[in-house]
Structures are given as C-alpha cells and as structure tokens.
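Please open the model in your viewer and keep the selection tool at hand. The stops below proceed in order.

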Amino acid sequence: MIAEPPESQAGGSPRPLRIIALANQKGGVGKTTTAINLGTALAAIGEHVLIVDLDPQGNASTGLGIDRRQRRLSTYDVLSGEAALADAVQVTAVPRLSLIPSTMDLLGLEMAMASAADRAQRLRRALEPLDRGEAQEAQPSTEDRRFTYVLIDCPPSLNLLTLNALAAAHAVLVPLQCEFFALEGLSQLLRTVEQVKGALNPRLAIQGVVLTMFDPRNNLSAQVVADVREFMGDKVYETMIPRNVRVSEAPSHGKPVLLYDLKCAGSQAYLRLASEIIQREGRLPAAA
Ligand SMILES: Nc1ncnc2c1ncn2[C@@H]1O[C@H](COP(=O)(O)OP(=O)(O)OP(=O)(O)O)[C@@H](O)[C@H]1O
Ligand SMILES: [Mg+2]
C-alpha cells in the first residue's frame, strides 16, 4: 500500500506541528509571559498557535483575557478524559491564537490520577489528534486552520503536570531569569529532561534557553548571561527579553504586550524571538 503524502498548506509547503513545553521549576522566571507573548508573536507572523495552560494559577488564561466564568472546559477536563481537546479550545482576541484555559481543579489532578497507569501520558494522548491535523482553530476562516505550534505553559514545579508536558512535547523551551541562582535550577531541569527522554518520550529535545528580564544596567545580569552562554552554548537564543514595565502591565489588561504596546522594547524582543525560533527550526515563514 502506498502511504498518503502529508497534506500541505495552500502555498504547497507542509507545516508540521511543533509542540513546545515552557518549563522551569523556578517560579516567576517568565514562563507564562513568554507563552503568551511568544504565542502572540508567532501568530502575528502567520503561525497557528494553541497555548495550553497547564498551571492551576491560570495566569496564561487571565493574561489572555479569558476570565474564570469563561473557562467552561479546561485542561483538567482534557487530562481527566472528560472532554475532547477540540471542544476545550477557545479563541482569543489575537487572530490565529487559541487557548485551552486552566482552572484550580488542576490542583486535584495528581490525587485524582494517583492510580492511573497512564497518568503522565494524558496530555500526549490528548494532543494526538493535532498531530493528525484533526483539531483546528475554532475561528471561522477560509485559510488552513491547523495548528502549527502548541505552547504548553507549565507550573513552577517538576510535578505530574510538568511531566505530562514533557511527555507530550517535541522540545522544551526554558525561560531563564538573568539573576544569580539561574544556573542552579537549570541543571536539575536538564536532568529531568534526560529522565523523561529515557522513560517516556525519546523525541524530547531542548528547544532553547531564553534569557528574560535582562537589565543592561545591571552588571550581575551581564555576568549571568555570560555564564549561561558558556554552559549552554548555542542553545541560548541571541534574543534576550529586556525587563520592561509594559510587559508586566499588559496582563492586568488581559492582553499580550504586543496588543497593549506593540512598539515597546518587550514586544519587539518577543517578535525577534519568534523569528529566531522559526529560523533555527529551518522553517519557511508562514504566509500570513
Ligand atoms: N520582561 C519582563 N519585564 C518586566 N516584568 C516581567 C517580564 N517578564 C515577566 N515579568 C513579570 O514577572 C512576573 C513573573 O513572570 P511570569 O508570570 O511570566 O513568570 P512564571 O515563570 O510564569 O511564574 P510562575 O512560576 O509563578 O508560573 C510577572 O509579574 C510578570 O509580569
Ligand atoms: Mg506562570
């Protein structure tokens, strides 16, 4: 039997799905900010992006303007098998950017699944229809609406939720804050990635390390950058995200910073990061 060729976009180039987990067990390093704004930047340059909010805090959902009453179906429902992934996908105010929101229910997931043998593989299973191009954006549109990127926003812990993300992902993107203890946590995260690779997900790779909240006036910041670049080599993106007050203001308006203030240094940095990621993957830019 002859296998069907992969379906391609209108432009003729196939656009494979890339699943990226944003993980760092250290809290407050910019995981959620990067999920929201990298997702928005990728969507702005033509990618079809799904953000999966895997943190009970629900900051990615709030930051995208989806308040608690709007979270009818959540990542909890998907992971517990009560809802199909496609039914839990919600549109956002950003064209081509969708979200599966989270609720506090996620806090109980570990308990609820304690005896389930496949408890670390729930997200991977749930995302399988996307790999087959079945689940699409909910937005009415005439263009090809299959997702090309899934960004998973992990909680600040190496718990069952993060394990689900690492088991489902092609690669891990590590946001690292430019501060003194940055490297300590990184070694532990890299060990966990190796363990997951061996036990659950052989394809798992390091997508890259993005330095966040960089302050050029701070000597310590510059030293941390040098140390991380020495330790991780070219896995560290050229693009650094500067500390920028507009980035921190945007979530309280329920908006990505790119919608809140496109011209600010933070927005421009996230646009550069999106281009750098696409370039490094050797993808052709999507025809927006
Ligand atoms: N580039 C930046 N400039 C200024 N503030 C920033 C920047 N990036 C993130 N912040 C702020 O730092 C705080 C932590 O960021 P964020 O919530 O993205 O981190 P996190 O790693 O997702 O945290 P958690 O571990 O709690 O999930 C937030 O208040 C956010 O607005
Ligand atoms: Mg977060």
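The tour that follows visits a ligand, its contacts and the pocket around it.

This is a predicted model, in which local features need pLDDT of at least 70, side-chain atom pairs count only at pLDDT 80 or more, and totals for chains, interfaces and linings use all residues. Residues are numbered from 1 along each chain as its sequence is written, chains are lettered from A and ligands numbered from 1 in the order in which they are written, and side-chain values use heavy atoms, with hydrogens and water left out.

**Stop 1: the ligand and its shell.** Select ligand 1 and the 18 residues around it, where being near means having a heavy atom within 4 Å. Lys31, Thr32, Thr33, Pro242 and Asn244 come nearest. By class, this shell holds six nonpolar, eight polar and four charged residues; Ala, Val, Leu, Ile, Met, Phe, Trp, Tyr, Cys and Pro count as nonpolar, Asp, Glu, Lys and Arg as charged, and the others, Gly among them, as polar.

**Stop 2: the side chains.** Display Lys31, where an N or O atom of the side chain is 2.8 Å from an oxygen atom of ligand 1. Next, display Thr32, which has a polar side-chain atom 2.8 Å from a ligand oxygen. For Gln57, the corresponding distance is 3.3 Å. A polar contact is a pair of N or O atoms within 3.5 Å.

**Stop 3: the helices.** Which helix supplies the largest share of the shell around ligand 1? Select helix 1, residues 31-44: three residues of the shell come from this helix. Helix 10 (245-249) also supplies at least two. Helices here are DSSP runs (H or I, at least four residues).

**Stop 4: the pocket.** Ligand 1 occupies the space of the largest pocket, whose volume is about 460 Å³. Among its 30 lining residues, select Gly30, Thr32, Thr33, Met213 and Val247, which lie nearest its centre. Helix 1 gives the most to this lining, with five residues. A pocket is found on a 1 Å grid over the protein atoms alone, as an open set of points where a 1.4 Å probe fits, with protein on both sides within 12 Å along at least five of seven lines; lining residues have an atom within 4 Å of a point. A molecule sits in a pocket if more than half of its atoms lie within 2 Å of its grid points.

Key:
A polar contact is a pair of N or O atoms within 3.5 Å; within protein, one must be able to donate a hydrogen and the other to accept it, and residues adjacent in sequence count only if both atoms are side-chain atoms. Grid points are joined across faces, edges and corners, and a volume is the space filled by probe spheres set on the points.
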